[in-house]
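The following exercises invite the reader to study a protein model step by step. Each task is followed by a worked solution.

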Amino acid sequence: MAKKIQAIRGMNDLLPDTSPRWQYLEEKVRNLLSRYGYNEIRMPVLEQTALFKRSIGEVTDIVEKEMYTFEDRNGDSLTLRPEGTAGCVRAAEEHGLLFNQQQRLWYQGPMFRHERPQKGRYRQFHQIGVETFGIPGPDIDAELILLSARLWRELGILDHLTLELNTLGSSEARAAYRTALTAYLEQYKDELDEDSQRRLSSNPLRILDSKNSRTQEILQDAPAFADHLDEESRQHFAGLCQLLDASGIHYTLNPRLVRGLDYYGKTVFEWTTRALGSQGTVCAGGRYDGLVDQLGGRATPAVGFAMGIERLVLLLETLEVFPAELDQRLDAYLTAYGEGVLSHALLLAERLRSEQPGLRIQTHCGGGNFKKQIKKADQSGARLAILLGEDEMSRGVASIKFLREDKEQTEVAISELALTLKEHLQSL
């Protein structure tokens with residue numbers, strides 16, 4: 001026998017018993033974003049490598065270690081998208097959606113990063129992203145946070161999430177703080193963890209969110225970013241906090257929150273949970289006012305966030321808040337036994353679907369005797385079996401067998417079957 005081919009490590013199949021949970025979450029998000037006036041955009045999963053190097057930053061972990069990059073047959077360097085914001089900016093700028101305009105956009109789809117797979121984090125993972133353009137004030141920052149809070153409320157998980165906030169200020173403020181932080185950490189270079197030592201000369205702000213206990217001890221006496229914050233960013237952040245306070249949104253100020261992408265400035269935020277152990281961030285985002293200009297467009301204020309679908313589905317499963325009806329079981333299973341009955345059964349099922357939109361009915365295919373077909377009907381999870389054989393055909397009737405209820409089997413004229421099915425299913 002030929003050797004079986006398996007999925008690439010960290011790239012997982014989504015099986016039929018799980019997909020209804022994804023569909024439930026995606027539909028909740030889609031409906032909510034529509035109610036807020038956000039429009040969907042779809043971008044390719046492959047982009048020029050330069051797009052991510054210029055936006056994310058060449059000295060970030062994503063670009064240095066995690067991107068799936070290769071040369072195509074023309075010698076062009078291409079990359080499977082590791083995140084969605086850069087591609088969304090590229091698409092919006094390329095198609096003239098940004099200059100002198102306001103846009104509220106969202107997207108969903110797979111992202112790719114070559115990192116160590118673990119529960120809730122994979123090499124192919126899926127995100128829902130929300131991006132806004134052309135609105136400079138803290139009001140749109142607040143709207144995004146309010147929108148996400150409403151989603152958590154409607155999913156039944158708001159009480160299990162914590163909102164963390166910070167401001168990264170202007171590029172000038174970050175540069176001044178970077179200098180001060182580097183000078184301080186140089187004194188302890190040999191005591192820092194390996195990643196922090198590497199970041200000290202390339203991306204020192206990322207050291208702030210190091211998980212290493214000794215590094216965190218050293219950071220206790222590090223210069224405070226608030227001492228280097230520019231006045232405009234200070235006022236912007238104060239305005240955001242006032243709006244959240246007025247809206248009753250609880251948050252925690254986290255001066256160590258920096259995010260892992262170079263394009264962020266001013267507001268950054270994360271929704272975190274303790275229900276998933278160390279993998280606690282389920283949604284994160286912030287402002288990136290300089291990114292459009294950085295990618296060749298005219299300067300455009302922008303803010304957005306992304307949420308991981310795998311992580312959210314895991315959280316909903318852990319908290320057991322998925323609705324019970326997500327099993328999507330069949331309403332009816334139509335058996336067809338006897339000479340020439342199958343063709344009539346297929347046409348009958350089509351008629352029933354037309355007369356009762358939303359009816360979930362499956363027709364038995366593949367032959368087999370009556371006993372085998374009833375067994376298949378039971379295994380399908382359907383609530384009813386519709387029995388159609390040569391005898392029933394000759395008399396213009398069908399029998400309804402209750403598979404999950406202790407009720408007598410009943411016979412009904414085929415012309416009245418759709419209405420009878422509706423009545424029975426409503427009563428179950």
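Which residues do ring pairs link into a cluster? The cluster consists of Phe133, Tyr263, Tyr264 and Tyr288, linked by ring pairs. The model examined here is a predicted one.

**Exercise 1. Describe the aromatic pair formed by phenylalanine 269 and phenylalanine 305.**

Step 1. The count of aromatic pairs comes to 9.

Step 2. In the pair of phenylalanine 269 and phenylalanine 305, the rings lie 6.4 Å apart, centre to centre, with 65° between their planes. Planes over 60 degrees apart count as edge-to-face, and the pair is accordingly edge-to-face.

Step 3. Phenylalanine 269 belongs to strand β9 and phenylalanine 305 to strand β11, so the pair ties together parts that are 36 residues apart in sequence.

Step 4. Phenylalanine 269 and phenylalanine 305 are both buried.

**Exercise 2. Determine how strand β7 is placed and with which strands β7 pairs.**

Step 1. Strand β7 covers residues 162-167, and 5 of its 6 residues are buried, so the strand is largely enclosed by the rest of the structure.

Step 2. Strand β9 (residues 267-272) runs antiparallel to β7, and 6 bridges join the two. Within this pairing, threonine 162 stands opposite threonine 272 of β9.

Step 3. With strand β8 (residues 252-253), β7 pairs in the parallel sense over 2 bridges. Here glutamate 164 stands opposite threonine 252 of β8.

**Exercise 3. Identify the largest nonpolar core and follow one of its residues, tryptophan 271.**

Step 1. The general background is that nonpolar side chains tend to be buried together in soluble globular proteins.

Step 2. The largest nonpolar core has 46 residues, and those with the most contacts inside it are Ile145, Trp152, Ile157, Leu165, Trp271 and Met307. Helix α5 gives the most to this core, with 9 residues.

Step 3. When neighbours within four places in sequence are left aside, the contacts of tryptophan 271 include Ile145, Ser148, Ala149 and Trp152. Leu158, Leu161, Thr162 and Leu163 are also among them, as are Gly280, Thr281, Val282 and Cys283.

Step 4. Another core, of 44 residues, lies apart from the largest one; Ala92, Tyr107, Leu181 and Tyr184 are among its members.

**Exercise 4. Establish whether helix α11 is mostly covered or mostly open, and what it packs against.**

Step 1. Helix α11 spans residues 309-318 and is mostly covered, with 8 of its 10 residues buried.

Step 2. The buried residues are Ile309, Glu310, Arg311, Leu312, Val313, Leu314, Leu315 and Leu316.

Step 3. These buried residues pack against the helices α1 (19-35) and α5 (138-155), and against the strands β5 (103-112), β6 (124-133), β10 (281-287) and β11 (302-308).

Step 4. After α11 comes glutamate 320, whose phi is positive, near 55°.

**Exercise 5. Reconstruct the open sheet of 5 strands and the helices that pack on it.**

Step 1. The strand order is β13-β12-β14-β15-β16, and the pairing is mixed. At the edges are β13 (361-363) and β16 (410-413), each of which pairs on one side only. On average, neighbouring strands of this sheet are turned by 25° against each other, direction ignored.

Step 2. Strand β15 (residues 397-402) pairs with β16 in the antiparallel sense over 4 bridges, and isoleucine 400 stands opposite threonine 410 of β16.

Step 3. Helix α15 (residues 417-427) touches β14, β15 and β16, and its direction makes about 10° with that of β15. Threonine 420 is found in α15; at 15% relative accessibility, threonine 420 counts as buried because the limit is under 20%. Leaving aside neighbours within four places in sequence, threonine 420 is in contact with Ile400 and Val412.

Step 4. Helix α12 (residues 341-355) lies across β12 (332-337), β13 and β14 (384-389), and runs at about 165° to β13.

**Exercise 6. Characterise the surroundings of arginine 353.**

Step 1. Arginine 353 lies in helix α12, and its relative accessibility of 30% makes it partly exposed.

Step 2. Apart from neighbours within four places in sequence, arginine 353 is in contact with Ile361, Gln362 and Thr363.

Step 3. The side chains of arginine 353 and glutamate 350 are joined by a polar contact of 2.8 Å.

Step 4. Tyrosine 333 is 20 residues from arginine 353 along the chain, and their C-alpha atoms are separated by 13 Å.

Notes. Residues are numbered from 1 along each chain as its sequence is written. This is a predicted model: local features need pLDDT of at least 70, side-chain atom pairs count only at pLDDT 80 or more; totals for chains, interfaces and linings use all residues. Side-chain values use heavy atoms; hydrogens and water are left out. Buried means under 20% relative accessible area, exposed over 50%, partly exposed in between (1.4 Å probe, protein chains only). Contact means heavy atoms within 4.5 Å. A nonpolar core is a set of buried Ala, Val, Leu, Ile, Met, Phe, Trp, Tyr and Cys residues joined through side-chain atoms within 4.5 Å. Two strands pair if DSSP finds at least two bridges between them. Axes are lines fitted to C-alpha atoms, for helices over the stretch in contact, and angles run from 0 to 180 degrees between N-to-C directions. A polar contact is a pair of N or O atoms within 3.5 Å; within protein, one must be able to donate a hydrogen and the other to accept it, and residues adjacent in sequence count only if both atoms are side-chain atoms. Rings of Phe, Tyr and Trp (its six-membered ring) pair if their centres lie within 6.5 Å; planes under 30 degrees apart count as stacked, over 60 as edge-to-face and the rest as tilted.
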